[in-house]
Amino acid sequence: MASAFASTAPYWVPALSALMVYRRIRRTFGVQPWRPVRSGIRLGILALVACMLTVLAAVQPQLAPAMAVGAVLGVGIGLLALKHTHVALRDGRRVYTPNPWIGGALTVLLLGRLAWRWTHDGIAAAQTPSALTLGMAAVLIVYSLVYLIGLMRQMRKLASAQASQPQATVDQTRF
């Protein structure tokens, strides 16, 4: 059973990676509908992954500095992205428009690192942790956590503004 799973990995790992990248690109550009349940699930998964990265940094201290730098960069990029995210009500629904440049740059960072690891180390690269890879993972995970928590706060403020002014069109760029 394990050998069949391992022998098919060269096929399903790139396919799942491509699906992940496609979904990330789709969420990066254009007006996005606010989906609170999906966002809550994403927040829980990201928090779990962040906890696992923290445990990995504690178990392998040589990786901790890269992950700490990545986390600090992730906080900064997340706050910058929140500053440039447009939140509004359209047809009674909450929507947001992320900054395409920040999202695009993070997507290029992800794709570049994946391509580098696969072309230089192959699929087996996933078994050996790299400080650079985990630092970039920390950037992406912490960015996503900061951005999602900030977006949830903005959407909550938008909903309370909508409740207090039901007839007016609420359009707030920055809270």
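Trainee: Why does Tyr 143 count as buried?

Mentor: Buried means under 20% relative accessible area, exposed means over 50%, and partly exposed is in between (1.4 Å probe, protein chains only). Tyr 143 has 9% relative accessibility, so Tyr 143 counts as buried.

Trainee: Before we go on, what kind of model is this?

Mentor: This is a predicted model, in which local features need pLDDT of at least 70 and side-chain atom pairs count only at pLDDT 80 or more, while totals for chains, interfaces and linings use all residues. Residues are numbered from 1 along each chain as its sequence is written, and side-chain values use heavy atoms, with hydrogens and water left out.

Trainee: Good to know! What makes Ser 144 buried or exposed?

Mentor: The relative accessibility of Ser 144 is 17%, so Ser 144 counts as buried. Ser 144 lies in helix α5, and a polar atom of its side chain is 2.8 Å from the backbone oxygen of Leu 140. A polar contact is a pair of N or O atoms within 3.5 Å; within protein, one must be able to donate a hydrogen and the other to accept it, and residues adjacent in sequence count only if both atoms are side-chain atoms.

Trainee: How many aromatic pairs are there?

Mentor: The count comes to 2 aromatic pairs. Rings of Phe, Tyr and Trp (its six-membered ring) pair if their centres lie within 6.5 Å; planes under 30 degrees apart are stacked, over 60 edge-to-face and the rest tilted.

Trainee: Why is the pair of Trp 34 and Tyr 96 called edge-to-face?

Mentor: The ring centres of Trp 34 and Tyr 96 are 6.3 Å apart and the planes stand at 75°, so the pair is edge-to-face. This pair links distant parts of the chain, 62 residues apart: Trp 34 is in the loop between β1 (32–33) and α2, and Tyr 96 is in strand β3. Both Trp 34 and Tyr 96 are buried.

Trainee: And what makes Tyr 143 and Tyr 147 a stacked pair?

Mentor: Their centres are 5.7 Å apart with 20° between the planes, so both values meet the rule of centres within 6.5 Å and planes under 30 degrees. Tyr 143 and Tyr 147 lie in helix α5, 4 residues apart, about one turn of the helix. Tyr 147 is buried too, with a relative accessible area of 9%.

Trainee: How do you know that the span of helix α2 agrees with what is expected?

Mentor: Helices (H or I, at least four residues) and strands (E, at least two) are DSSP runs, numbered from the N terminus. The expected span of a helix is 1.5 Å times one less than its number of residues. For the 24 residues of α2 (residues 36–59) that gives 34 Å, and the end C-alpha atoms are 34 Å apart, which agrees. Helix α5 (residues 131–164), with 34 residues, reaches 49 Å, close to the expected 50 Å.

Trainee: Which residues of α2 are buried?

Mentor: They are Ser 39, Leu 46, Ala 50, Leu 53 and Ala 57. These buried residues pack against α3 and α5.

Trainee: How do you know that β2 and β3 pair?

Mentor: Two strands pair if DSSP finds at least two bridges between them. Strand β2 (residues 86–90) and strand β3 (residues 93–97) are joined by 5 bridges and run antiparallel, so they meet that rule. One example is His 86, whose bridge partner in β3 is Thr 97. β1 and β3 also run antiparallel, joined by 2 bridges, and Gln 32 stands opposite Tyr 96 in β3.

Trainee: What makes Asp 91 exposed?

Mentor: Asp 91 has a relative accessible area of 82%, so Asp 91 is exposed. Asp 91 sits in the turn of the β2 and β3 hairpin, which has 2 residues between the strands. Its phi is near 55°, a positive value in a residue other than glycine.

Trainee: Which elements have the highest and the lowest mean pLDDT?

Mentor: pLDDT is the predictor's confidence in each residue, from 0 to 100. Helix α3 (residues 64–83) has the highest mean, 94, and strand β4 (residues 171–172) the lowest, 54. The protein averages 81, and 82% of the residues score at least 70. Where pLDDT is low, the predicted coordinates should not be read in detail.

Conventions:
Contact means heavy atoms within 4.5 Å.
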